[in-house]
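Colleague: I have a few questions about this one. Can you take me through it strand by strand, then the core?

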Amino acid sequence: MPKALDAIAALRGKWSGVTDRASLDQPAINVPAADLLAVLGFLKQEQGFDMLADVSGIDWSPGVSPRFTVVYHLLSTTDHEYVRVAVDCPSDTLPEVPSAVGLWQGANWHEREAFDMFGIRFSGHPDLRRILMWDGYPHFPLRKDFPLAGVDTLLPDLEVVAETKTNAIAAPMAGGPFVAASGGINMTNAEPRAKDESWNERRPKPGS
Amino acid sequence: MPVEHIFPDSASRNAQGEFETEKMSLSMGPSHPSTHGVLRLQMELDGEIVTKADPVVGYLHRGDEKIAENMTYNQFVPYTDRLDYLAPLANNMAYAIAVEKLAKLEVPARCQAIRVITAELARISAHMMGLGAFGIDVGAWTVFLYSFTEREKLYKLFEELTGARFTTSYSRIGGVSRDIPAGWTDRVNAFCDQFLPILEEILSLLTRNRIFTDRTVGIGVISREDAVNFGLTGPNLRASGVPLDLRKDKPYSGYEQYDFDVAVGTKGDAYDRYLVRGEEMRQSVRIIKQAIAKLPGGKWYAEDARKIFAPPKEKVLTSMEELIQNFMLVTEGPQMPAGEVYFEAENPKGALGFYVVSKGGGVPYRLKIRAPSFCNLSILPKVCVGAMVSDVVSILGSLDFVMGECDR
Amino acid sequence: MVSANSELTYDSKIEGDVIVTRADAVINWIRSNSMWPMPMGLACCAIELMAVAASRFDIARFGAEVMRFSPKQSDCMIVSGTVTYKMSSAVRRIYDQMAEPKWVIAMGACASTGGMYRSYAVLQGVDRILPVDVYVSGCPPRPEALLDALVKLQEKVKRERSFSKLNTA
């Protein structure tokens with residue numbers, strides 16, 4: 001895979017902030033948020049990584065700094081190689097990175113998804129709205145402090161809510177899925193249990 | 001007595017003397033016969049012409065990525081069935097290979113070949129469904145009945161192999177759930193032999209059908225540049241003239257051993273996308289035949305992957321070693337190294353990618369699913385503008401998406 | 001013996017063009033054997049629903065082949081697939097647009113209980129927003145199971161007191 005490594009070597013000469021990122025497969029780099037668009041543009045226009053395969057957010061859980069990372073996977077449609085570009089959000093409370101929509105139209109929906117799921121804002125995005133959850137949903141579901149079961153929330157269609165008396169409630173977790181945990185010698189701790197027990201028969205529901 | 005003329009000369013006409021019209025907004029979906037699933041298109045129309053299209057997705061967002069963070073790698077396999085529920089066998093394989101890449105695990109050649117056979121059968125099944133639904137969208141009901149008959153034959157084969165019609169969970173991390181039954185490959189061969197003439201018959205119902213060509217040729221043209229720019233993959237990308245096929249260009253699971261051609265379109269319209277899918281099914285049959293002809297012997301799972309793959313049940317019940325292995329796997333989960341991998345497989349709908357971030361242990365820290373349908377649909381605001389409302393139906397049918405993986 | 005019983009059944013020579021029966025029996029007979037489904041195809045189960053409609057399983061054998069995508073023309077909503085919170089109001093609105101009498105089949109684990117999707121986005125059972133008549137287990141249910149549900153629903157319809165409902169309405 002000389003192509004991707006060449007590209008990274010060329011990058012290093014231009015931007016001193018670019019560092020190698022631990023990876024088990026393709027070449028990966030960390031980029032400071034300020035250089036992100038320049039680096040992505042360089043990879044696209046000069047190095048032939050013309051397709052944006054994927055954009056995903058990562059939450060390294062509350063208290064960790066930097067908390068949010070955005071990861072871009074680029075693919076070269078001619079050399080058939082991938083490269084991974086990661087950027088840490090400078091702020092942990094109001095995460096924001098520049099938007100790549102100017103480089104790839106396809107980034108539009110990916111960034112909307114990262115905003116929807118993590119609350120990461122993309123400056124310069126033409127239409128940063130929620131995409132998977134409904135407009136007005138108050139939480140960011142893929143953040144680590146958000147329970148899998150969800151929290152009690154009002155549904156958007158108030159007419160239907162009035163008719164059915166139903167709202168979004170925390171899903172019952174007592175029935176599983178049960179997940180094995182590494183408990184060492186202590187088999188009681190290792191017993192498979194629901195990993196997210198934000199509420200069950202004994203504990204009150206979040207948001208209620 | 002003079003009658004009142006409701007259109008006086010001066011009213012509702014602009015400077016050119018044309019009637020002033022208002023833009024109409026039309027919400028198509030989320031429940032609509034021609035949306036393959038729960039897609040909603042919020043459109044703005046000028047008469048019959050679409051001036052703005054805003055797809056609203058997320059009506060089938062089930063939280064798969066959050067669920068993945070809350071269970072072990074093995075437990076997530078059934079959820080991959082339900083991403084692209086027209087080709088679960090291919091999804092299982094993509095997920096299994098992604099996690100195997102994380103574990104640096106090589107599966108035996110037999111396992112790889114079995115996976116290729118199942119993935120290509122899944123491709124035929126998915127394209128058959130896409131064809132049938134496309135046919136219905138443009139008014140050809142017969143194609144659906146023909147293609148579903150073939151799908152039922154495939155389901156019979158899947159059921160014999162995996163125990164389920166389409167929620168198969170067949171490829172597991174480190175192998176496949178069981179070896180192929182005796183005589184199954186013969187039945188697959190027999191299916192392929194009878195399928196080719198039927199495929200030609202089905203395609204002949206559409207390829208030169210005047211109604212079909214009128215509704216697809218030159219409709220929904222996606223240029224080569226746009227296709228790459230929007231991250232389209234699979235048949236939709238190839239129909240626009242980009243010969244990117246991960247089976248050929250980044251071979252996995254032993255695809256490099258098989259001889260097949262990549263179908264590429266020239267115009268990038270709905271008709272090209274239909275033609276590419278038709279050709280892909282022929283190529284799939286070619287791959288299946290080759291894979292069966294040189295199906296290697298040996299194990300169907302990686303025997304050395306003791307902390308990842310559960311041994312066969314009869315061994316668990318009779319041998320101490322395997323019993324312990326099974327016990328540890330259930331109580332501790334498969335043990336993975338820390339790190340991150342990204343793997344894309346060429347699924348029927350396009351490149352299905354899994355980005356796995358692991359901190360070690362049995363549970364993924366973050367699992368991002370790169371859904372081909374999600375990327376393929378993101379081009380709708382561009383390609384629908386300027387089309388007629390009825391063309392939108394044809395465009396949706398030709399893009400052949402599944403909301404299960406689009407919304408995850 | 002068949003011939004011995006023939007005297008007891010309807011005989012046009014004796015009774016002319018008159019049949020005496022209960023109104024409920026007639027109404028329910030008509031309703032149960034021409035059940036027009038509203039395919040609320042949401043997810044994976046919708047594929048099995050299509051399989052039921054296609055040639056091998058052929059739902060036409062039970063008089064329910066007329067899939068109507070307009071709620072105004074249909075009698076029985078088959079909720080096939082995961083109902084998410086985002087989708088739930090649309091499902092309810094479509095149900096509201098169906099004309100009485102109407103029935104609901106919750107097809108599959110997701111529609112019945114939320115199934116394997118215990119998560120923040122999924123409605124935990126469509127019965128929280130609609131009255132459900134028949135639940136079908138399975139993920140997805142086999143086509144035979146859906147046909148069985150249809151037969152069960154027909155039996156249920158046959159037991160209804162339709163005529164007295166018509167009078168009070």
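**A sheet in chain B, then the core**

Modeller: Start with one pair: B:Met28 stands opposite B:Leu41 in β2(B). Bear in mind that this is a predicted model.

Colleague: How many bridges join β1(B) to β2(B)?

Modeller: The two strands run antiparallel. B:Met28 and B:Leu41 face each other there. The number of bridges joining β1(B) to β2(B) is five.

Colleague: What is the strand order of the open sheet in chain B?

Modeller: The sheet has three strands with antiparallel pairing. Strands β1 (24-28) and β3 (49-56) of chain B each pair on one side only, which makes them the edges. From one strand to the next the twist averages 20°. The order is β1-β2-β3.

Colleague: Which residue is the bridge partner of B:Asp46 in β3(B)?

Modeller: Strand β2 (residues 40-46) of chain B runs antiparallel to β3(B), and seven bridges join them. Along this pairing, B:Glu44 stands opposite B:Lys52. B:Asp46 has as its bridge partner B:Ile49.

Colleague: Which residue in the turn between β2(B) and β3(B) has a positive phi?

Modeller: The two strands form a hairpin. Two residues lie between them. The positive phi, about 65°, belongs to B:Gly47.

Colleague: Which residues make up the covered face of β2(B)?

Modeller: In a regular strand, side chains alternate between the two faces of the sheet. The uncovered face here holds B:Arg40, B:Gln42, B:Glu44 and B:Asp46. The covered one consists of B:Leu41, B:Met43 and B:Leu45.

Colleague: Now the core. Which element gives the largest share of the largest nonpolar core?

Modeller: That core has 233 residues, and those with the most contacts inside it are A:Tyr72, B:Phe354, B:Leu380 and C:Met77. The largest share is 15 residues, and it comes from chain B, helix α4 (residues 109-137).

Colleague: Which domains of chain A does this core draw at least three residues from?

Modeller: Chain A has 208 residues, of which 56% count as buried. The core takes at least three residues from each of two domains. They are domain 1 (2-123) and domain 2 (147-208).

Colleague: How many residues are in the other core, which lies apart?

Modeller: C:Val52, C:Phe57, C:Ala64 and C:Met107 are among its members. The total is 21 residues.

Colleague: Last one. How many strands does chain A have?

Modeller: Along the sequence, the pattern reads α-β-β-α-β-β-β-β-α-β-α-β-α-β. There are five helices in chain A. The strands number nine.

Technical notes. Residues are numbered from 1 along each chain as its sequence is written. Chains are lettered from A and ligands numbered from 1 in the order in which they are written. This is a predicted model: local features need pLDDT of at least 70, side-chain atom pairs count only at pLDDT 80 or more; totals for chains, interfaces and linings use all residues. Side-chain values use heavy atoms; hydrogens and water are left out. Two strands pair if DSSP finds at least two bridges between them. Helices (H or I, at least four residues) and strands (E, at least two) are DSSP runs, numbered from the N terminus. Axes are lines fitted to C-alpha atoms, for helices over the stretch in contact, and angles run from 0 to 180 degrees between N-to-C directions. Buried means under 20% relative accessible area, exposed over 50%, partly exposed in between (1.4 Å probe, protein chains only). A nonpolar core is a set of buried Ala, Val, Leu, Ile, Met, Phe, Trp, Tyr and Cys residues joined through side-chain atoms within 4.5 Å. Domain bounds come from an automatic or database domain assignment.
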